[in-house]
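Biologist: I would like a close look at one part of this structure, taken slowly, with its surroundings brought in afterwards.

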Amino acid sequence: MVEAGDHEGPAGDLERIVVRGRRQLRAWAAKEAFGKAFAHLFPAALVVPCLALIGNLIGLVGPSLWPFSTVTTVVLALVAPFAIVAVYALVVVLREKTDRRVCLALFDKLLDLRGRLQAADEFLSRGPVGPFEHAAVEDAGPFARQALAAELPRVRTPPPVLKARRWPLGAVSALLLGAALLLGEAPSLALDTPVALVDEPPTELLALAETVAEEESEPPIPKESSRRSLDGRRMAALSEPGSEGERDRAARSQTGTGDTRSSFAKSSTAASLARQAGKAAAGASGEGSSKKEEPRERPAKPRRENPSRPEEAKEEEPETSKGVSGGTGRSSGSRTSSSDQPPADDKARNDEAEGDATDDAEEEEDEEQKGASTSKPMLNNRKAAVDRSLSPSGLSDQENDQANGRGGPSGLKKTRGVAAMLLGVPMPDHLRGKSNPGRIKVERERADPEPKTSLAADATNRGSRQESIGYLPHLALAPWMQDTVRDYFLAERARDLAGSDSAPTTTNSSGGT
Amino acid sequence: MTTADDARARAADFKAVFARVKAEVGKMVVGQEHVVDGVLTAMMAGGHVLLEGVPGLGKTLLVRTLSEAVSLAFSRIQFTPDMMPADIQGTMVLTETASGGHELTFQQGPLIANLILADEINRATPKTQSALLEAMQEKQVTVGRRTIHLEEPYCVMATQNPVEQEGTYPLPEAQLDRFLFKLIVGYPAESEYHAILDRTTGADDVDIGHVTNGEEIRQLRSTVRAVAEPEAARTFAIRLVLATQPDSELAPASVSECASLGSSPRGVQGLILGGKVQALLDDRFAVSADDIRAVALPVLRHRILLNFRAQANNVSADELVEDVLKSVQPPHAIAA
């Protein structure tokens with residue numbers, strides 16, 4: 001027997017092999033991870049320029065979020081990609097869990113040991129139970145020492161290559177970095193940029209926006225620090241009498257809002273007004289200023305009317321749905337057609353809001369529509385029933401165009417299957433000239449069964465055959481054959497009667513069981 | 001003697017007997033080394049062999065020579081379409097006793113022996129082929145109410161001709177699955193033809209001696225079964241078999257497209273048993289993934305049923321097994 005102490009030799013060697021293999025595998029994994037991470041160098045180079053650019057852009061409207069100077073930004077932009085690549089590779093290596101068996105499999109493969117080390121380690125871990133497992137463990141001892149002494153080959157990983165399609169990312173990152181530095185160093189130039197970014201609204205729309213600003217009663221927002229640092233050029237332009245800036249300021253002072261609204265609010269208001277102006281231009285362009293004020297009142301009007309007439313708003317939707325689904329009523333039909341034309345629809349709604357007389361008329365129309373929906377369908381709209389017969393005579397090329405699932409088989413379908421095997425010409429199933437027997441009527445009558453007496457038939461003897469039956473072929477069996485067959489069947493019968501499963505006594509002279 | 005020494009002695013004995021039998025068979029059979037190795041491996045593993053090859057390549061000669069070398073009860077069955085199960089299993093016949101009387105006795109068929117050569121097995125009808133099923137799997141023959149247990153070692157070595165398919169009955173899957181190995185017998189090389197001529201056309205007769213016997217082969221079979229099987233080798237064998245099944249996740253694309261049926265669990269048994277023989281021949285005491293890989297082709301090629309697409313594209317089962325071996329890697333394997 002192999003004692004437990006005998007296994008300490010191979011066990012210790014295997015443990016050292018595992019440690020060595022794990023170190024080697026981690027080194028390979030680090031190389032591989034660095035190679036993979038290096039491919040992402042250019043994308044990583046975008047990080048710092050993007051952050052700097054975003055920080056400086058935010059700094060245009062608020063406190064700058066990029067606190068670094070130009071030199072520091074450049075250094076960060078150069079160093080950060082490599083740091084990101086290194087951290088990525090480190091994370092990959094640390095997450096690499098090297099299994100013990102993988103380490104042993106490494107040496108098994110490198111030294112062509114045919115799984116000896118893995119097998120020995122497994123048998124040692126669970127305790128060898130059979131002679132061959134003991135022998136396998138002992139057999140692995142010399143190979144384990146050989147594995148410890150073996151030089152692991154250096155795995156030559158290909159040098160990290162930057163993919164050509166990612167080279168433009170480097171240029172992009174340089175451009176972004178340059179833009180970020182420019183924004184960071186020249187904030188005064190950058191302050192005009194948001195104004196320039198907004199599309200120049202037409203002067204009419206600007207006037208309209210100012211008019212809207214008059215009506216809005218927003219609380220004043222405190223001035224932001226960045227806006228305090230307006231350059232002198234812009235201030236001078238605003239203070240010039242008669243200039244456009246002066247007019248703007250005068251208008252703002254009249255409304256009381258001034259510079260309290262941000263440029264974003266301005267641009268959004270201008271955009272919304274531009275949309276409204278577009279609508280107005282499509283409808284009634286060239287009208288007076290009173291017409292221009294009409295769109296401003298439209299959104300406010302329903303808001304004022306909705307609380308006063310909630311039930312009417314509820315009734316509008318069923319009416320519309322009825323009009324769409326029914327399609328038979330006169331009023332609903334007109335309503336459906338009007339829904340496709342929003343300006344006309346708006347106009348109709350405005351008309352509805354003018355008086356109650358119109359509502360009464362509409363209720364009458366609804367009642368008419370309900371009555372029409374419960375009336376019978378028109379008979380001239382009825383279609384012939386679908387032919388469900390599979391006979392070829394019923395062939396037609398018309399498909400079930402309704403596709404309502406109620407149709408019978410189409411003409412194409414009838415040409416297949418059993419129907420296709422039938423004659424194309426229908427054959428009469430009765431003889432010509434023979435009259436139809438007509439309907440068969442079956443009537444049942446209640447009647448109790450009546451017993452009837454019958455005479456019993458006496459059995460008679462058929463008697464024996466008197467004449468010769470002729471020649472009967474006789475199988476000439478030798479007497480010993482007859483005896484053997486009779487003995488066999490007698491033995492079989494005796495065995496069956498005895499109920500034993502033993503073999504017949506006349507058999508088993510050779511071979512067999 | 002320690003248990004490890006005992007195992008070493010048994011392994012050495014196995015290898016010596018294997019080499020002796022192989023050398024003795026090599027006296028008659030020229031070349032075909034992989035076929036001889038496969039036949040001996042299957043016999044030592046306790047399985048049956050299906051030899052496929054065109055006529056004249058020495059399939060029958062190989063089995064007959066092997067029977068002489070191992071000194072086992074040998075019987076040859078030449079299958080024909082009119083052969084009935086009773087012709088191979090045995091039947092009741094009327095015989096005369098020594099005392100002059102007569103009796104019905106059971107005359108055992110050629111199936112009851114140790115080494116069976118089922119020559120041109122695909123010429124027999126499925127009814128007769130099915131008579132082999134019980135003998136090959138359960139090692140017993142049932143005739144009427146009589147059940148005859150076959151003596152170990154029991155090995156069926158069948159041959160079939162892949163060319164002449166007219167008038168043949170391809171073996172059903174259940175029959176094929178019972179063969180441990182399917183070996184393809186190919187043409188000999190040019191150098192081997194000289195040796196064939198020397199041995200068959202010369203005046204000298206080759207004398208085949210008995211180098212082992214049934215009892216020794218039984219011991220060798222128990223030695224094979226005692227070989228240790230690590231978890232890695234077992235897992236690899238299971239994955240290989242799973243990869244032959246078209247619906248399996250491990251199956252490569254070619255198997256999913258071209259196979260309609262994969263290997264049964266008998267395939268795993270065959271892989272492990274054949275791998276154990278390979279391990280013993282390689283002076284090892286535990287089977288490895290390389291041993292499994294070495295016997296994968298003869299074990300799996302006849303257990304994959306090809307579909308119509310494979311036949312239309314002339315894809316063979318061997319190609320599918322090669323694909324399986326490429327796609328399935330042993331557990332904990334490291335890429336080169």
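Biologist: Which residue in β8(B) stands opposite B:Val49?

Modeller: The model is a predicted one, and in it the residue that stands opposite B:Val49 is B:Met157 of β8(B). The two strands concerned are β1(B), residues 49–52, and β8(B), residues 155–160, which pair in the parallel sense over four bridges. They belong to an open sheet of five strands of chain B, ordered β2-β5-β8-β1-β9, in which the pairing is parallel. The edges of this sheet are held by β2(B), residues 74–78, and β9(B), residues 181–184; each has a single partner strand, so one side of each is left without a neighbour in the sheet. On average, and with direction ignored, neighbouring strands of the sheet are turned by 15 degrees against each other. Helix α3 of chain B, residues 59–70, lies across β1, β2, β5 and β8 of that chain, and it runs at about 170 degrees to β5(B), residues 115–119.

The pair also leads into the nonpolar interior. B:Val49 and B:Met157 are both among the residues with the most contacts inside the largest nonpolar core, which has 119 residues, and that group also includes B:Val39, B:Leu240 and B:Ile292, together with A:Leu117 and A:Ala136 from chain A. Once its neighbours within four places in sequence are left aside, B:Val39 is in contact with B:Val49 and B:Met157, and also with B:Leu62, B:Leu66 and B:Leu183. Apart from the core of 119 residues lies another one, of nine residues, among them A:Ala52, A:Leu53, A:Trp66 and A:Leu183.

Elsewhere in chain B there is a pairing in the antiparallel sense, that of β6(B), residues 140–143, with β7(B), residues 146–149, again over four bridges. There B:Val141 stands opposite B:Ile148, and the two strands form a hairpin with two residues between them, where B:Gly144 in the turn has a positive phi of about 60 degrees.

Chain A, by contrast with the sheet just described, has 24 helices and zero strands. A total of 35 residues of chain A are in contact with 33 residues of chain B. On the chain A side, two or more residues each are given by α5 (100–110), α6 (116–126), α7 (131–149) and α24 (479–498), and the largest share, eight residues, comes from α7(A). Sorted by class, this side has 13 nonpolar, 13 polar and nine charged residues.

One helix pair in chain A can be followed in detail. Helix α3(A), residues 47–61, and helix α4(A), residues 70–95, pack with their axes 8 Å apart and at an angle of about 135 degrees, and they are therefore oblique to each other. From α3(A) the contact takes A:Val47, A:Val48, A:Pro49 and A:Ala52, and from α4(A) it takes A:Thr73, A:Leu76, A:Ala77, A:Ala80 and A:Ile84; these residues divide into eight nonpolar, one polar and no charged.

Finally, A:Leu25 is found in α1(A), residues 8–38, and counts as partly exposed because it has 17 C-beta neighbours inside 10 Å, whereas a buried residue needs 20 or more. Neighbours within four places in sequence aside, its contacts are A:Thr98, A:Val102, A:Cys103 and A:Leu106. The C-alpha atoms of A:Leu25 and A:Leu106 are 8.7 Å apart, although 81 residues separate the two in sequence.

Terms used
Residues numbered from 1 in each chain as written. Chains lettered and ligands numbered in written order. Predicted model: local features only at pLDDT ≥ 70, side-chain atom pairs only at ≥ 80, totals over all residues. Contact = placed C-beta atoms within 7 Å. Nonpolar A, V, L, I, M, F, W, Y, C, P; charged D, E, K, R; others polar. Pairing = 2+ DSSP bridges. Core = buried A, V, L, I, M, F, W, Y, C linked by C-beta atoms within 7 Å. Buried ≥ 20, exposed ≤ 12 C-beta atoms within 10 Å, placed from the backbone. Axes fitted to C-alpha atoms, helices over the stretch in contact; angles between N-to-C directions. Parallel < 35°, antiparallel > 145°, perpendicular 65-115°, else oblique.
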